[in-house]
Amino acid sequence: MIEVLAQLSRGPVFLAGEMLECGIVFTNPLSATSTSASSEMLAWASAQIHCQFHSSESRVALPPSDDSKHDVQAANETVFVPNRGERGQCILSTPPKILFCDLRLDPGESKSWLKDYQFPQDEVVAPSNPFLEEEEGVKKDSRLADLATELLMAATSRRSLHVYNISNTRGKVGKFGIFKTVYKIGEDILGTFNFSEGDIPCLQYSVSLQTEESIQEEFQRRHGQPVSYTTHARHQESCLHTARCSFSLPVPLSSTPGFTTNIVSLKWRLHFEFVTSRESGEAHTVPENQSETITWTGVEQIEVDTFSWDLPIKVLPTNPVLASYVSQFSSTNSITI
């Protein structure tokens with residue numbers, strides 16, 4: 001019996017192009033019944049990176065897989081097919097890296113392998129800097145994580161006030177302001193409303209942070225299949241006679257950034273819903289020389305209009321180290337052979 005322990009040194013979340021470091025330990029456990037004849041042998045072992053695409057079969061009609069012919073393996077072959085028997089499509093499968101051949105482990109003995117395995121990359125993601133000399137033996141790919149993090153910070157830190165007029169068929173309701181429309185996973189989305197200049201009183205508003213998942217027409221299980229919406233956070237507030245108000249919606253660390261493939265796309269948006277009054281809604285004032293006590297109560301019924309508005313936003317990945325803390329995947333896994 002041999003125990004195999006694999007551990008990702010930094011965590012289970014990576015950016016494309018990063019260096020993946022994984023330590024693998026093979027151990028022949030020592031037990032009370034172990035003898036000198038309890039040695040174990042392994043003919044060979046290999047490691048590779050494999051990415052499998054899964055989708056809901058009730059909504060997505062996947063094309064035939066190109067590697068379906070590799071699913072049939074001859075009896076005398078020793079190559080491991082990691083996606084044998086799995087549904088979906090293989091997106092990436094790197095060539096296996098042989099760790100060892102003919103490994104012998106005595107009782108209580110351990111052997112360790114596999115670090116610094118690099119994701120395959122077709123081209124450099126950024127031009128080299130002619131003013132910086134690269135240290136000998138240091139690869140550009142080792143800086144991809146830092147470079148990607150810097151690019152994410154630059155893309156999501158730009159602040160410029162965007163103001164949108166809110167109106168319906170009866171007139172102007174107010175204004176909405178937001179300082180940016182590009183965020184990264186884990187950020188808070190801040191927005192403000194100004195109803196002081198509106199002609200139509202707003203009774204209530206709600207803002208929902210949503211993702212919309214759409215399937216390309218040729219891969220839809222049914223023709224005209226609707227877009228699927230998921231709400232991740234929501235804020236609702238009554239705002240009659242309110243001049244200004246604001247909201248804050250967090251982008252969950254466990255959510256998925258926007259992406260687009262030839263099969264499916266995931267986009268983010270802010271979905272607004274407004275409830276407005278059909279009446280003027282003028283605020284009552286107290287007379288200066290009021291001698292009698294008067295009690296004011298709200299109206300029991302009021303005629304309203306409702307309308308909605310969608311504001312597309314972009315949600316980018318976050319620092320993979322931060323995402324690792326909330327990931328559902330473990331950095332360590334083990335099996336017994």
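**A tour of two open sheets**

Begin by selecting S10, S11, S13 and S16: these four strands make an open sheet in the order S10-S11-S13-S16, with antiparallel pairing. Strands here are DSSP runs (E, at least two residues), numbered from the N terminus, and two of them pair if DSSP finds at least two bridges between them. At the edges are strand S10 (162-168) and strand S16 (244-250), each pairing on one side only. From one strand to the next, the twist averages 25°; axes are lines fitted to C-alpha atoms, and angles run from 0 to 180 degrees between N-to-C directions.

A word on what you are viewing: this is a predicted model, in which local features need pLDDT of at least 70, side-chain atom pairs count only at pLDDT 80 or more, and totals for chains, interfaces and linings use all residues. Residues are numbered from 1 along each chain as its sequence is written, and side-chain values use heavy atoms, without hydrogens and water.

Now zoom in on S11 (residues 171-178) and S13 (residues 188-194), antiparallel strands joined by four bridges. Pick Lys175 and you will find Asn194 of S13 opposite.

Next, select the other sheet, also open and antiparallel, with four strands in the order S8-S3-S1-S20. Strand S8 (110-113) and S20 each have a single partner strand, so one side of each has no neighbour in the sheet. Ignoring direction, neighbouring strands here are turned by 15° against each other on average.

Finish at S1 (residues 3-8), which runs antiparallel to S20 and is joined to that strand by five bridges. Click on Ala6, whose bridge partner in S20 is Asn333, then on Gln7, which stands opposite Thr332. Is S20 (residues 332-336) buried or in the open? Zero of its five residues are buried (under 20% relative accessible area, 1.4 Å probe, protein chains only), so S20 lies largely in the open.

Methods: Buried < 20%, exposed > 50% of the residue type's maximum accessible area, 1.4 Å probe, protein only.
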